[in-house]
Structures are given as C-alpha cells and as structure tokens.
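User: Hi! I have a new model open and would love a quick tour. Could you walk me through it?

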Amino acid sequence: LTQDGINVADNFVKTSAFFVLSAPTVDTVGEFTVSVGGIGVDAGFGAAQVNIRTQRGSNDFHGSMFWFQRTRALNANTFFNNAAGVPKPFQLQNRAGASAGGPVYIPGLYDGRNRTWVFGAYEAFREPLSRERTRLVLTPSARLGQFTYTPTSGGAAQAVNLLTLGTLGNTGAAPAINQDVMQFYSSMVPDSGLTDAGCGGGDAVNIRCFRFNLPGSNIQDRWTIRADHQLTSKHSVEFVYNQANFDSVPDLLNGIEPNFPKSLGGGQSSIRQVFVWAFHSIFGSSTTNEARVGFTRAPVGFNLFEDYKATGGYQLTVPRVQDPTITSANLPQGRNTPVRQVMDNFAWVWGRHTLRFGAEYRLILANSYFYNVVVPRVTLGTNTANPNGITAGKFPGGISSGDLSRASDIFNLVTGMLGNIQQGFNHTSPTSGYVPGVPRTIDPKQQNISFYFQDGFKWRPNLNIQYGARWEYQGVFDLRNKLI
C-alpha cells in the first residue's frame with residue numbers, strides 16, 4: 001500500500017495486510033489503482049498493489065464544503081436497556097470539512113497559473129458517545145459476608161454468615177471483613193441500581209448485574225497539503241503532507257475502558273504523518289526521471305488507567321465478579337514506527353522498447369513500550385497452602401455445587417484471601433539484570449534495498465511483451481537495545 005509512491009503500511013502491526021498508518025479522506029484522493037495481477041517488477045514489495053495519489057491543484061479554482069450529522073433521534077433502545085430502565089445510549093456524530101485547490105495567485109505580485117498549484121483539505125470528526133455495559137457485582141448483603149442459598153433438601157431459602165463458616169487458611173484467626181479490600185471495592189463498585197436483566201452469571205440474590213451507559217468521545221482531525229511547482233519546462237517539484245490526529249476516550253476498539261463509572265478513564269491517541277518530496281525531470285524527447293523521498297511516522301499511545309494507584313500500586317483481581325481495576329492487557333503501552341524511504345525511477349523509450357530502471361531504499365525503525373505485568377497483580381482466592389474452610393457440610397440442609405462455589409468466592413473476596421501475587425521485571429540493557437517498574441521495550445531496525453530493470457517491448461501492434469528482473473534485499477531484523 002502506497003500513498004504518493006511512499007509505503008504507508010504499518011510496519012509494526014503486520015497481522016493485517018490492510019493495516020495502514022495513513023488516513024486519507026475521500027476529497028483528498030485524486031486517483032487510486034488496485035492491481036492484483038500482471039504487476040511489473042517496477043512495483044515490487046507485494047503481489048497485490050494499492051496505490052493512492054493525493055489530489056493536486058489545477059489552473060482553475062475548485063473547492064467543496066460538507067457537514068454530515070447522525071443522531072440517536074431515530075434509534076431504538078435495546079431490549080435489555082428497556083427492561084432495566086436504562087435510557088438508550090447517546091449518539092451524536094458530526095463530520096465536517098472543506099477542500100480547495102488552484103493556482104497560487106497574488107494580485108499584482110505573482111501569477112502561478114501554469115506554474116505553481118496548491119491543494120489543501122481539512123476534515124473534523126466529533127463523536128461524543130456512550131456504550132451500554134454490564135458488570136457482575138456483589139449485592140450489599142454479600143459485601144457483609146451474608147450468603148443466601150436454597151438447601152438441596154428442600155424448603156425455603158436460607159441465609160448464613162460466611163464469616164462463621166470459613167477459616168483464614170491455617171492461621172487459626174477468626175475470619176473478618178478485610179476493610180482495605182472491601183472499602184476499595186465499594187468505593188469503585190456501585191451497590192444500588194442493580195438488576196438481573198440481560199447479565200448472565202449472577203444468582204439474583206448474592207451476585208447481581210449493574211448496567212450503565214459508558215460515556216466517551218472520539219475526536220479526529222485530518223489535514224492535507226499538496227504543492228506542485230514547475231521549475232522549468234523540463235523540471236518540476238512536488239510536496240505532499242498528510243496528517244491525521246486520533247483521540248479516543250475510552251478506546252472501545254481495543255477494550256481499553258473503565259470497568260465502572262467511578263473508574264478512571266483512558267484511551268488511545270495517535271498522530272499519523274506522511275511527508276513526500278518528489279523531483280520530476282524530462283531529458284530530451286524520450287527519457288524521464290522521478291526521484292522521490294518519503295518519511296512516515298505514527299506515534300500512538302494507549303493511555304493509562306490509574307485505578308490501581310488507589311490500592312497502593314497493585315492491580316486487584318477478584319473472584320466471580322468484575323474486577324474493580326484494569327487488566328494487565330490495558331496497562332500503558334505505545335509505539336512509533338518511523339520509515340524513511342528514497343527511490344528513483346528512470347524511463348527511456350527506445351524504438352519499440354520502453355525501458356525502466358529503478359532503485360529503492362527503506363530504513364524501518366520502531367520504538368515500542370509495554371508495561372505488561374510490571375505493575376504487581378494480587379489475585380484473591382485460595383491455594384493448597386491457604387484454604388478457606390468453606391465446605392458443603394457446613395451449610396444446613398445441604399448446598400448445591402454451584403452455590404458452594406459462589407459462597408467460597410464471596411468469602412475469599414470479603415476476607416481478602418490471597419491466591420497469588422504476580423509481577424514482571426524487564427531489562428534496561430543486556431547487562432542490567434531485572435529492574436522493577438521498567439516497561440518492556442522493543443526497538444527493531446531493518447533496512448530494505450531493491451533494484452529493478454524492466455522492458456516493455458511492442459512486438460506487434462496488438463502484442464506487447466513485458467519482462468524484467470528485480471532484486472530485493474530484506475535486511476536482518478535487529479534490536480538496537482540488544483535485549484533479545
């Protein structure tokens with residue numbers, strides 16, 4: 001995938017061939033081609049080619065303005081929202097922009113017709129949004145250690161105090177509510193407005209569903225500038241600049257969102273930039289040359305959720321219900337993959353031959369970081385050395401296996417029973433050893449070089465033969481920090 005002759009595919013995330021860092025708009029695309037067969041060796045780097053050219057100015061002034069809007073006025077609410085009395089999610093999208101192009105003309109000073117042209121475009125997208133979310137939570141009584149179940153022997157439901165049935169491992173200490181854990185849990189997790197509609201996993205007594213509309217926003221800005229100048233009758237220059245800014249809070253695409261309304265927010269922000277310079281030359285009546293230089297960069301950050309700071313720097317995983325803090329996959333991370341590209345294409349029409357020669361050089365760098373498991377995660381539960389003593393024989397009238405499992409999980413959460421603690425460590429250099437609090441970093445470097453020769457031979461008026469050869473060197477993938 002190229003834009004104005006420059007590779008714009010994401011050179012870090014390669015799970016999708018169409019994952020690109022460029023974001024052209026409809027009004028900024030002057031032309032595009034999609035080739036899936038019969039590609040010459042002058043293309044290279046892919047059996048299929050998608051090529052986009054940015055719109056350019058002309059001797060006539062042209063422009064456009066637009067505004068599109070979408071609202072929730074004609075939307076229906078979801079079934080479960082209606083059942084729970086939750087209003088339909090908010091929706092409002094506004095997309096507005098303008099484009100203009102023509103010659104550079106300054107009355108009395110400069111007339112750029114037939115010589116200097118410019119084109120520019122801007123598009124803004126604004127979307128304040130909300131998304132329906134459901135979370136499993138403890139009921140107020142369960143947060144006090146009360147558990148309600150239906151005896152397997154029959155009869156009415158019974159309520160027991162789990163604190164009188166379980167044990168704190170082998171310590172011999174009397175079970176009690178862990179104030180640190182439960183105060184933090186209750187500060188993050190609502191205990192009112194609970195429902196049982198459309199939220200699987202609850203038992204409608206001890207564990208219920210909390211349903212809410214998650215607010216957020218999606219902001220995008222796109223700029224395009226192109227300038228073309230005819231230096232002489234045989235030489236011209238071209239400059240193209242594309243930039244797209246994205247800011248999503250929360251990042252719904254990657255699931256980076258708060259678990260509850262009181263949780264801190266986070267999201268994704270990125271700046272994608274494409275710079276292209278080109279120099280076009282005509283030598284005589286049969287030869288042309290195009291030299292092109294490009295630079296792309298797209299720093300992106302998956303912003304931080306800091307809920308775990310309220311626990312003293314620990315993430316908290318709780319059994320059965322929704323965690324009050326983030327998951328490890330949503331810890332801070334980011335990347336940037338700048339690519340520098342230089343190429344030259346020379347064409348020569350010689351009799352019935354159209355000869356093409358060219359070369360290309362790419363320097364691909366990347367800088368990424370990920371805190372992965374750097375922040376310690378405490379998982380509440382039990383292990384072989386830390387049992388909770390919750391057994392079926394302690395429940396009057398007998399208890400089902402499902403209720404027994406729920407009772408054990410609730411006891412572990414309320415008392416703060418420790419299942420395990422995990423924390424990851426990374427190197428800062430090959431000789432540093434493992435350092436706490438340092439994110440994992442990956443900074444690869446790769447160099448690609450290619451040369452080609454191609455001939456289009458017009459053997460007959462109705463038969464053209466194209467042949468050529470291309471040599472590509474895919475450089476060694478190397479990490480500059482030498483950590484792997």
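Analyst: Happy to. Let's start with a hairpin: β13 and β14 form one, with four residues between them. Keep in mind that this is a predicted model.

User: Nice. How many bridges join β13 to β14, and which way do they run?

Analyst: There are 14 bridges between β13 and strand β14, which covers residues 235–249, and the two run antiparallel. If you want a spot to click on, Ser-217 sits opposite Val-249 in β14.

User: Got it. What about β9 and β13, over how many bridges do they pair?

Analyst: Those two pair over 23 bridges, in the antiparallel sense. One pair to look at is Tyr-122, whose bridge partner in β13 is Trp-223.

User: And β12, how does that strand pair with β13?

Analyst: β12 is residues 194–195, and it pairs with β13 through two bridges, again antiparallel. Leu-194 has Phe-210 of β13 as its bridge partner.

User: Switching topic: which residues touch the most other members in the largest nonpolar core?

Analyst: Phe-147, Leu-162 and Phe-395 do, in a core of 39 residues. The elements giving two or more residues to this core are β9 (116–138), β10 (146–149), α2 (179–188), β13 (207–230), β23 and α3 (401–415). So you meet β9 and β13 again here.

User: What is Phe-147 in contact with, if I ignore its neighbours within four places in sequence?

Analyst: Quite a list! Phe-147 contacts Gln-158, Ala-159, Val-160, Leu-162, Asn-206, Phe-395, Ile-399, Asp-403, Arg-406, Ala-407 and Ile-410. Leu-162 and Phe-395 from the core trio are among them.

User: How many residues are in the other core, the one lying apart from it?

Analyst: That one has eight residues, among them Val-8, Leu-21, Val-240 and Met-343.

User: β23 came up a moment ago. Which open sheet is it in, and in what order do the strands go?

Analyst: β23 belongs to an open sheet of three strands, ordered β18-β23-β24, with mixed pairing. The edge strands are β18 (315–317) and β24 (418–422), each pairing on one side only. On average, neighbouring strands of the sheet are turned by 20° against each other, direction ignored.

User: Are β18 and β23 parallel or antiparallel?

Analyst: Parallel, with three bridges joining β18 to β23, which spans residues 377–380. Within that pairing, Gln-315 stands opposite Arg-377 in β23.

User: I also clicked on Gly-85. Where does it lie, and is it buried or exposed?

Analyst: Gly-85 is in the loop between α1 (79–84) and β6 (92–103). It counts as exposed because its relative accessibility is 62%, and the cut-off for exposed is over 50%.

User: How far apart are Gly-85 and Val-8 in space?

Analyst: They are 47 Å apart, C-alpha to C-alpha, with their positions 77 residues apart in sequence.

User: Let's zoom out. How many helices and strands are in the protein chain?

Analyst: The chain has three helices and 28 strands. Its C-alpha atoms fill a box of roughly 100 × 60 × 50 Å along the principal axes.

User: What radius of gyration does the chain have, against a compact globule of 484 residues?

Analyst: The chain has 31 Å, whereas a compact globule of 484 residues would be near 23 Å.

User: Last one: what share of the residues count as buried?

Analyst: Of the 484 residues, 43% count as buried. The accessible surface of the chain is about 24300 Å², and 59% of that belongs to carbon and sulfur atoms.

Terms used:
Residues numbered from 1 in each chain as written. Predicted model: local features only at pLDDT ≥ 70, side-chain atom pairs only at ≥ 80, totals over all residues. Heavy atoms only, no water. Pairing = 2+ DSSP bridges. Axes fitted to C-alpha atoms, helices over the stretch in contact; angles between N-to-C directions. Core = buried A, V, L, I, M, F, W, Y, C linked by side-chain atoms within 4.5 Å. Buried < 20%, exposed > 50% of the residue type's maximum accessible area, 1.4 Å probe, protein only. Contact = heavy atoms within 4.5 Å. Rg over C-alpha atoms; globule rule 2.2 N^0.38 Å. Areas by Shrake-Rupley, 256 points an atom, 1.4 Å probe, with all protein chains shown as cover.
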